[in-house]
Amino acid sequence: MEIQIGNTVRCKANGNMEADFSGKVEKVYDNSALVNITDYAKTDEINFDDLQHKVVISLAKMKLVE
């Protein structure tokens, strides 16, 4: 299934977040998406605030949550 706006996704850690996190897709680009982070590891609290609760991440690093 294709990632679409409004989907809940689980994302792998990247350069911005140290641990895996979940969020809701706000915008989809060609190879990435803007994700509003909703669930994250306690160790990423400062990163979460610095990113203003949002991150652009590769579609290859996320999967849909049923």
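1. In this predicted model, Arg10 stands opposite Lys63 of strand β5. The two strands concerned, β1 (residues 8-11) and β5, pair in the antiparallel sense over 3 bridges. The side chain of Arg10 also makes a polar contact with the side chain of Ser22, at 2.9 Å. Arg10 thus serves as a convenient starting point for reading the sheet.

2. The sheet as a whole is open and consists of 5 strands in the order β4-β3-β2-β1-β5, with antiparallel pairing. Strands β4 (54-58) and β5 (62-64) stand at the edges; each has a single partner strand, so one side of each is left without a neighbour in the sheet. From one strand to the next, the twist averages 45°. Strands of a sheet pair through backbone hydrogen bonds, in either a parallel or an antiparallel arrangement.

3. The pairings inside the sheet may be followed strand by strand. Strands β1 and β2 run antiparallel and pair over 4 bridges; here Thr8 has Lys24, in β2, as its bridge partner. Between β2 and β3 there are 6 bridges, again in the antiparallel sense. A hairpin of 3 residues provides the connection from β2 to β3.

4. Ser22 merits a separate comment. This residue belongs to strand β2 (residues 21-28), and its bridge partner in β3 is Asp39. Is Ser22 buried or exposed? With a relative accessibility of 11%, Ser22 counts as buried, because the limit for that class is under 20%. When neighbours within four places in sequence are left aside, the contacts of Ser22 are Val9, Arg10, Asn36, Ile37, Thr38 and Asp39. Asp39 therefore appears both as the bridge partner of Ser22 and in its list of contacts; Arg10 is likewise in that list, and its side chain is the one that meets the side chain of Ser22 in the polar contact.

5. The largest nonpolar core comprises 13 residues, and those with the most contacts inside it are Val9, Cys11, Phe21, Val35, Ile37, Ile57 and Met62. Strands β1, β2, β3 (32-39) and β4 each supply at least two residues of this core. Which strand gives the most to the core? It is β3, with 3 residues. As general background, nonpolar side chains in soluble globular proteins tend to be buried together.

6. Met62 is one of the core residues with the most contacts inside the core. Residues up to four places away in sequence not being counted, Met62 touches Ile3, Val9, Arg10, Cys11, Ala33, Val35 and Ile57. Among these contacts of Met62, Val9, Cys11, Val35 and Ile57 are themselves named among the core residues with the most contacts.

7. Outside the strands, Asn14 lies in the loop between β1 and β2. Although located in a loop, Asn14 is buried, with a relative accessible area of 19%; the limit for a buried residue is under 20%. Its side chain reaches the backbone nitrogen of Met17 at 2.9 Å. Apart from neighbours within four places in sequence, Asn14 is in contact with Val55, Val56 and Ile57. The C-alpha atoms of Asn14 and Ile37 are separated by 13 Å, the two residues being 23 residues apart along the chain.

8. The loop between α1 (45-50) and β4 contains Gln52, and His53 is found in the loop between α1 and β4 as well. Gln52 is not a glycine, yet has a positive phi of about 55°. His53, also not a glycine, has a positive phi of about 75°. As to accessibility, Gln52 is exposed, with a relative accessible area of 62%, whereas His53 is partly exposed at 36%. A reader inspecting the backbone may wish to look at this loop.

9. How many aromatic pairs does the model contain? The count comes to 1 aromatic pair. Tyr40 and Phe48 form this pair, which is stacked, with 4.1 Å centre to centre and 20° between the planes. Planes under 30 degrees apart count as stacked, so the angle of 20° places Tyr40 and Phe48 in that class. Tyr40 is partly exposed, with a relative accessible area of 26%, while Phe48 counts as buried at 9% relative accessibility.

Methods. Residues are numbered from 1 along each chain as its sequence is written. This is a predicted model: local features need pLDDT of at least 70, side-chain atom pairs count only at pLDDT 80 or more; totals for chains, interfaces and linings use all residues. Side-chain values use heavy atoms; hydrogens and water are left out. Two strands pair if DSSP finds at least two bridges between them. Axes are lines fitted to C-alpha atoms, for helices over the stretch in contact, and angles run from 0 to 180 degrees between N-to-C directions. Buried means under 20% relative accessible area, exposed over 50%, partly exposed in between (1.4 Å probe, protein chains only). A polar contact is a pair of N or O atoms within 3.5 Å; within protein, one must be able to donate a hydrogen and the other to accept it, and residues adjacent in sequence count only if both atoms are side-chain atoms. Contact means heavy atoms within 4.5 Å. A nonpolar core is a set of buried Ala, Val, Leu, Ile, Met, Phe, Trp, Tyr and Cys residues joined through side-chain atoms within 4.5 Å. Rings of Phe, Tyr and Trp (its six-membered ring) pair if their centres lie within 6.5 Å; planes under 30 degrees apart count as stacked, over 60 as edge-to-face and the rest as tilted.
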